[in-house]
Structure formats: C-alpha cells, structure tokens
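Trainee: I'm new to this one and would like a close look at a single part. Could you take me through it slowly?

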Amino acid sequence: MNSRLTVTGLGYRLGGRTILHDLALNLAAGELTALLGTNGAGKTTLLRLLLGLLPAQKGTILIEGRALENYGRRALARAIAYVPQGHVPAFPYTAEEIVMLGRLPFSPFGPLADPDDREAAGAALQKLAITHLAQRPYTELSGGERQAVLIARALAQGARILILDEPETGLDFGQQMRLFAHLQQLAQSGYAILATTHDPLRARSLFDRAILLQNGRITADGPSMDVLTDSAIEGLYGIDRLPSF
Amino acid sequence: MTALTFSTDQRKSGSGIGLIVGATLLLALVTIFSFCIGRYPIAPLDLLHFAETALGVREMPDARYRIIHSILFDARLPRIGAAALIGASLSITGATYQAVFRNPLVSPDLLGVLSGAGFGAALGIILGAGISGVQTLSFLGGISAVILAVLVARSFAARSILMLVFGGLVSTALFTALLSILKYVADPERQLPDIVFWLLGSLTQVQLAQLPTIAFILGLSLFSLAGLGRMLDALAMGDDEARTLGVPVEVLRLGAIATATILAALTVSIAGMIGWIGLIIPHVARLLTGPANSRVLPLAACLGAVFLLLCDDLARSISEEEIPVGILVDLIGVLAFLGVLRFLRRGWI
C-alpha cells in the first residue's frame with residue numbers, strides 16, 4: 001500500500017491536559033478516510049498537527065516519506081492541502097481568484113503570470129465542474145459551490161493529501177452527494193483524503209475507511225463497514241441504543 | 001473549457017490594467033487643472049503658451065514669463081506635489097490596513113498612528129522646534145504609537161488580530177490623553193492655535209525639497225505591497241488557511257503594517273490630520289476593480305491622489321482665506337462615503 005502520510009507516537013499536551021495520546025495512523029493513496037469522534041475528542045488538534053499549524057511535541061509525522069518538520073512552509077503546502085468549511089471572507093473575491101490562491105506555494109510574488117499556474121487553476125476548476133463559476137464573487141455562491149471552490153484550490157496547490165474539516169456542514173442532500181462523488185473520484189485517482197465528519201451512518205456507506213478518536217486515543221481504524229458497527233457508534237457517542245433505520 | 005477560462009480571465013486582468021491606465025491619465029489631467037486654478041488663475045492656453053516659451057518654440061514678455069514661472073513652481077508645485085503624494089500614500093495605507101485586518105471598515109489610524117503623530121507635533125510646537133522639528137517629532141510620535149500598539153498585543157502572547165486592535169485602542173487612548181495634556185499646558189496665545197491648526201490638516205507647510213523623499217518611499221512601498229498583493233489576498237481567508245497556502249502570516253502582517261505605518265506617519269507629519277481618504281478611496285478602488293490587492297493598491301494610489309488634489313483645489317479657491325484641506329476632505333469624504341455605501345456589494349460588512 002502506498003502511504004502518503006504516516007503518523008507514529010503522536011502526542012500533544014496543552015495546559016497540563018493530554019489532548020492526544022500516542023497516535024499512529026497512515027493515509028494511503030486512493031483512500032477516502034473519515035475521522036470521527038465527539039466534540040473535544042481531539043479531531044481538530046490532530047488536523048492542525050498534520051497541517052503543520054501546531055508543532056508536534058511527541059512522535060513523528062511523515063508526509064510523502066519525509067518528516068513534516070523538514071518541510072518549508074511552501075513545500076508543505078505543495079504536499080498537503082487544507083479544505084476548511086466554506087466560510088465567507090470580508091471581500092468579494094471571484095471563485096477563480098480564490099482557486100488561484102492555491103498557486104501561492106509556487107509563485108508567491110507579483111502578478112500570477114506563469115502559464116503553468118493559470119493552467120493548474122483552470123484544470124482544478126474543470127475537475128470540480130465549476131468553470132462556469134470562475135468569475136462569480138465567492139461571497140455570493142451557495143455553500144456547496146463554495147466547498148467545491150475550496151477543493152479546487154486544494155487541487156491547484158498540487159498537493160496529493162487533502163485534509164477536510166466537516167465538509168458536509170451546511171450543505172443540502174444534493175450538494176452533499178455531489179461533494180462525496182467528487183471526493184471518491186479524487187481518491188480513486190490517487191489522492192489520500194482525510195475528512196472529519198459528524199455523520200457515522202453516512203461515513204459507513206460513503207467512506208472507504210474510518211478512524212475513531214475517543215478522548216485523544218484511536219479506538220478503531222479500518223474499513224468503514226467493519227469499524228462503524230451499531231455498537232461502535234453507540235460506544236463512541238455514548239448513545240444507549242441507536243434507533244432502528 | 002479551459003480556453004474559455006483563460007480568455008475571460010485575460011479580459012478581466014486587462015480591464016484591471018485599463019482602469020489603472022485610465023486613472024493615471026485622470027491624475028495627469030487633474031494635475032494640469034490644479035496648476036491652472038488658484039488666487040491667480042492661469043488659463044490652460046496660457047499654460048500651453050508658457051510651456052512653449054520654456055521650450056523655446058514661442059515667445060512671451062519676460063516679466064509675464066517670470067510671474068507665471070514663480071506661481072507655478074514656487075507657489076503651486078509644492079502644494080500639488082504634496083496633495084498627490086499624500087492622497088496616494090493615505091489610500092495605500094488604508095487599503096493595506098483593510099487587507100491585513102480583513103475588515104473593509106478599518107482606517108489608517110486603527111493602530112494609533114494619527115494620535116501619536118498629533119502628540120508628536122504638539123510636543124514640537126510647545127518645544128518651539130520649528131517646522132522640521134515638528135515634522136520629525138510628529139513622524140516619531142506616529143511610529144511610536146504603532147510600535148506601542150504592537151507591543152501591547154504581543155505582551156498578551158496571542159497573535160490574533162483582535163489583540164492588535166486592542167493594542168491600537170490602548171495606544172490611541174494614551175496618545176490622545178497625552179495630546180490633551182499638551183493642549184492644556186500650551187500657551188493659549190501662541191502655541192494652542194498652532195496645535196489646533198496643525199490638527200486640522202493642511203498642505204501649507206510642505207516644502208518642495210521634501211517631495212522627492214516622499215515620492216521615493218511611496219513608490220517603493222507601492223511596489224512591494226502590490227507585489228505581495230496575492231499573499232495579502234490570502235490573509236482574507238484567515239490566518240490558518242493562509243499558512244496552509246504557504247504564506248508566512250506573522251512576517252507578512254508585521255511587514256505590511258510597518259510599511260503602511262511609515263508611509264502614514266511620514267505624510268501625517270508634514271500635512272497634519274487628513275482623515276477619511278484612507279477609508280473611502282480603497283472602497284472606490286475595490287468597487288471598480290474587485291478586491292485583488294495587486295490591482296486595488298495602484299488604483300487606490302491614483303484615485304487618492306486625484307481626490308486630495310481636487311479637495312486642495314477647492315481649499316485654495318473657494319474663499320479668500322484658505323480653508324484647511326483636512327476639513328474639506330472630511331466633509332466631502334462623508335458625502336462620498338454615503339455614496340459608496342449604497343454600492344457596497346453583499347458580503348462586505
């Protein structure tokens with residue numbers, strides 16, 4: 001299996017409290033992985049560590065076979081990309097301008113003149129089938145469209161590891177299904193994708209793999225069908241009994 | 001599909017350049033217009049005649065030539081140069097602050113540069129430091145106020161924007177209080193009127209010899225800030241997101257604040273408190289060309305220069321007694337701002 005991201009012995013403490021205990025996981029090319037856990041389980045801390053936004057205190061994070069701390073900021077951005085929840089910035093940049101920001105790790109100064117940069121941004125828009133939105137103000141797009149723009153930006157970064165934070169938040173059913181279709185397609189074409197989600201039932205059917213995080217420890221990691229059993233979901237979220245579906 | 005994206009994009013960036021060229025031409029026209037008007041109006045044809053005489057193509061009575069020469073170069077050039085440079089500088093400062101603080105309603109005095117400069121100038125006036133002494137102290141006051149704001153923010157360890165705004169509040173309050181003390185102890189016959197007049201903002205104290213320095217610093221700042229334009233755009237997405245795009249957020253933010261602050265302190269120290277330009281002009285530029293900072297900064301610089309030139313033309317010509325241009329800028333600025341507010345696109349506030 002081709003591992004794009006490998007974590008071993010990862011620990012994180014904040015103010016005397018241990019947030020993450022000795023985590024080990026790896027993300028393989030071609031896999032769509034869900035990260036599940038209650039609020040406060042340490043999901044956000046783990047994402048921030050993987051993205052280099054927090055310095056690891058213990059353990060190692062290997063990205064494409066190289067230790068995270070050996071990456072410069074721009075080199076890291078070309079290897080691993082972050083797709084946040086679709087927020088609304090204060091200024092009405094066009095969708096294309098947002099996607100072009102994904103080329104900052106390649107050409108940070110001056111106008112974006114390099115044909116390679118323009119081509120990569122254009123290809124990313126096309127891959128998400130949002131070329132028609134290119135000149136629309138990002139602030140006026142729907143939640144689903146904004147999410148697609150942010151994923152296109154991540155692709156423009158050239159990174160092969162995508163980290164998504166609750167990508168389905170605020171999307172209607174149709175938007176969610178289109179989003180997951182894109183994510184599955186990207187995974188199949190060789191991306192390693194890790195997304196946090198609050199919906200274990202959907203994760204069971206739409207994701208290849210699931211990782212359960214409970215009080216800062218990984219309690220299960222495997223094919224989502226096997227990991228996300230009714231009893232595992234009941235245990236993870238402290239539910240007495242799942243209602244029958 | 002891809003080709004379509006390219007062509008629409010090229011049209012768009014082309015229109016950005018077109019706007020900047022258009023604004024530059026407008027600036028040239030307004031500059032010529034500004035040379036013509038004033039206490040002794042010079043008709044555009046006379047200006048042309050003068051230019052031709054200077055080039056040796058035509059002739060003009062010697063006495064008249066010398067009068068026009070003196071009006072243009074001794075009386076008007078310093079004012080016009082100062083108005084254009086200061087208008088441009090304040091607009092760049094405002095646009096930069098708005099990008100760094102991700103807030104379109106931020107003005108250049110957010111971190112206390114105007115209060116600090118006001119205090120410095122008042123101190124200079126009370127110490128009897130002369131024009132250049134007042135200007136130097138004012139510049140140092142403006143810089144000190146911003147350094148204090150940044151230090152206050154840093155002392156709380158958090159590197160958030162909110163702490164910087166808080167630091168700016170503290171710094172502004174401190175220097176406003178210090179200025180009040182100086183006003184209180186100032187000699188009410190000689191010094192207090194000077195302080196009040198300085199605070200109103202005026203271009204009468206500008207010396208021709210200062211302009212090249214300001215022009216150089218302005219050019220350098222504009223070039224570097226516009227060059228960092230796309231990284232400044234990324235800041236609008238939030239600090240973490242900008243970091244994951246490879247942007248060195250802290251260095252960029254402090255560098256942009258430092259550049260913009262030096263520019264603001266420099267202009268405020270020679271022209272006093274001229275507000276509003278830094279708030280309104282970047283808005284107008286964004287309405288015309290969209291929010292991308294690499295286009296907004298040069299466009300705002302041109303428009304700011306045009307705006308202050310026109311305000312100064314009014315200040316010089318609507319009455320016998322010259323009106324401090326700062327007052328006109330505020331009055332016209334309020335009206336302009338109400339006009340701009342109507343066009344604010346959704347998602348701005």
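How many residues of chain A are in contact with chain B, and how many of chain B are in contact with chain A?

Mentor: Before anything else, keep in mind that this is a predicted model. Now to your question: 37 residues of chain A are in contact with 35 residues of chain B. On the chain A side, α2 (73–79), β6 (80–83), α3 (95–100) and α4 each supply at least two residues. The most comes from α4(A), which puts in five residues. Sort the side of chain A that touches chain B by class and you get 23 nonpolar, eight polar and six charged residues.

One of those contributors, β6, takes us into a sheet. Six strands of chain A line up there in the order β6-β7-β8-β3-β9-β10, as an open sheet with mixed pairing. The edges are held by β6 and β10 (217–223) of chain A; each has a single partner strand, so one side of each is left without a neighbour in the sheet. Going from one strand to the next, the twist averages 15 degrees. Look further in and you'll find β3 (residues 32–36) and β8 (residues 192–196) of chain A, paired in the parallel sense over four bridges. To put your finger on one spot, try A:L35, whose bridge partner in β8(A) is A:T196.

Chain A has another sheet to compare with that. Here four strands form an open sheet in the order β2-β1-β4-β5, and the pairing is antiparallel. Its edge strands are β2 (17–28) and β5 (66–67) of chain A, each pairing on one side only. Five bridges join β1 (residues 3–14) to β4 (residues 58–63) of chain A. In β4(A), A:T60 is the bridge partner of A:T8.

Let's finish with the loops. After α4, which we met at the contact with chain B, comes the loop between α4 (115–127) and α5 (143–156) of chain A, and A:A129 is found in that loop. Most residues other than glycine have a negative phi. A:A129, though, has a positive phi, near 55 degrees. It counts as partly exposed because it has 13 C-beta neighbours inside 10 Å. A:E166 has a positive phi too, near 40 degrees. You'll find A:E166 in the loop between β7 (161–164) and α6 (173–188) of chain A, and β7 is one of the strands in the six-stranded sheet. With 16 other C-beta atoms within 10 Å, A:E166 is partly exposed.

Definitions and conventions. Residues are numbered from 1 along each chain as its sequence is written. Chains are lettered from A and ligands numbered from 1 in the order in which they are written. This is a predicted model: local features need pLDDT of at least 70, side-chain atom pairs count only at pLDDT 80 or more; totals for chains, interfaces and linings use all residues. Two strands pair if DSSP finds at least two bridges between them. A residue is buried if 20 or more other C-beta atoms lie within 10 Å of its own, exposed if 12 or fewer, and partly exposed in between; C-beta atoms are placed from the backbone. Two residues are in contact if their C-beta atoms, placed from the backbone, lie within 7 Å. Ala, Val, Leu, Ile, Met, Phe, Trp, Tyr, Cys and Pro count as nonpolar, Asp, Glu, Lys and Arg as charged, and the others, Gly among them, as polar. Axes are lines fitted to C-alpha atoms, for helices over the stretch in contact, and angles run from 0 to 180 degrees between N-to-C directions.
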